[in-house]
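The following paragraphs lead the reader through one structure, beginning with a covalent link and moving on to the nonpolar interior.

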Amino acid sequence: MSKTSRQINKQKSSLLIIILIVIAAGAGFILFKTFFTSKNVIEPDDQFTWENPLKEIEELKNQTTENPVQPDKEPSPPEPASPAVTPPSPCARVSENLTDFFSNLQEQDYIRAYEIKEPLQEYSNKLIIKLLNNPPIINEETDDLFTVLKNTAHFYRVLGHKDMSLIKDMLAYEHANIEHLMGIFWEWSQIANTCNDTKIQMNFPLPKLYEYASFFLNTLGGQSYLFRRNSNMRVLIKYYCMLILDQAVTNSLNKYNIDEIYTLDSVIEDIENTDTIENQKDYLANLMQIKARVSMSR
């Protein structure tokens with residue numbers, strides 16, 4: 001081959017190499033662009049524009065520091081349930097009420113003026129026993145005037161002037177609480193026989209209560225005493241006497257044969273005509289139930 005031919009071939013080979021390099025460079029550029037712009041490879045979010053990567057990364061770090069992800073809080077342990085409160089028994093509740101009443105009463109100046117040398121609760125219990133053991137006269141009261149007069153002065157004869165004065169002062173000074181107190185004493189009279197673990201020693205046997213219920217409801221002496229009391233006291237005494245009479249009838253203790261229906265109507269009428277007692281509706285409801293039961297049994 002001549003020198004000229006070798007030169008031409010060499011030039012052709014050099015040109016071919018240059019063309020291949022250009023083609024390779026173009027292909028590489030296309031692949032590079034495709035790799036960095038394809039969404040299948042990198043999907044920049046809206047906040048990361050890649051305009052200034054270092055600045056964007058630093059801002060993301062600052063956001064993470066300012067608003068750190070809070071770990072989930074552990075649930076607070078449940079609060080322990082409060083222990084169930086057991087209500088006091090009727091014996092404990094009523095005896096406590098009576099104890100509080102006598103304790104408060106003993107601190108009053110008008111009580112201290114009587115210079116009673118023992119606890120007022122014990123002293124009052126002695127008065128109750130004295131009254132229950134010396135009942136008024138019920139049968140044949142009207143046979144002679146002397147018996148009527150004895151019944152009219154029954155409490156003075158049994159208790160004497162000092163104790164009657166004490167009771168009258170108690171009724172006067174405690175007037176606002178009389179209705180509530182009578183309810184407490186009545187409730188105690190119903191449960192006293194079952195209450196052996198209290199400090200209250202007062203007992204109200206039904207046969208002895210019946211004597212006084214008959215006295216107030218069915219004798220001239222008893223009626224005379226009630227008319228000397230204010231209307232509230234009169235109505236309350238008759239109401240509780242009616243409850244005692246009903247219990248006596250139920251237990252076959254109505255030895256004076258007091259007409260229960262007639263007496264019921266009289267007490268109901270008195271309560272209906274009195275609007276100054278707090279529990280008027282309850283009293284009437286109780287008496288109406290008794291009347292309905294008694295009427296059905298006849």
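A disulfide is a covalent bond between the sulfur atoms of two cysteines; for the present purpose, it is recognised as a pair of cysteine sulfur atoms within 2.5 Å. The model shown here is a predicted one. A search of the whole structure finds 1 disulfide. Its partners are Cys91 and Cys195, with an S to S distance of 1.9 Å. The torsion about this S-S bond is about -80°, and the disulfide is therefore left-handed. Cys91 belongs to helix α3 (residues 90-106), while Cys195 sits in the loop between α8 (178-191) and α9 (206-218), so the bond ties together parts that are 104 residues apart in sequence. Both Cys91 and Cys195 are buried.

Helix α8 also contains Ser189. The relative accessibility of Ser189 is 14%, which means that this residue counts as buried. A polar atom of the Ser189 side chain lies 2.6 Å from the backbone oxygen of Trp186. Not counting residues up to four places away in sequence, Ser189 touches Phe204 and Leu209.

Attention now turns to the nonpolar interior. The largest nonpolar core comprises 70 residues, and those with the most contacts inside it are Phe155, Trp188, Phe216, Ile271 and Leu287. Helix α11 (residues 231-250) gives the most to this core, contributing 12 residues.

Phe216 offers a view of the surroundings of one such residue. When its neighbours within four places in sequence are left aside, Phe216 is in contact with Phe155, Gly222, Gln223, Tyr225, Leu226, Ile237 and Cys241. Of these, Cys241 has a relative accessibility of 7% and therefore counts as buried.

Terms used:
Residues are numbered from 1 along each chain as its sequence is written. This is a predicted model: local features need pLDDT of at least 70, side-chain atom pairs count only at pLDDT 80 or more; totals for chains, interfaces and linings use all residues. Side-chain values use heavy atoms; hydrogens and water are left out. Helices (H or I, at least four residues) and strands (E, at least two) are DSSP runs, numbered from the N terminus. Buried means under 20% relative accessible area, exposed over 50%, partly exposed in between (1.4 Å probe, protein chains only). A nonpolar core is a set of buried Ala, Val, Leu, Ile, Met, Phe, Trp, Tyr and Cys residues joined through side-chain atoms within 4.5 Å. Contact means heavy atoms within 4.5 Å. A polar contact is a pair of N or O atoms within 3.5 Å; within protein, one must be able to donate a hydrogen and the other to accept it, and residues adjacent in sequence count only if both atoms are side-chain atoms.
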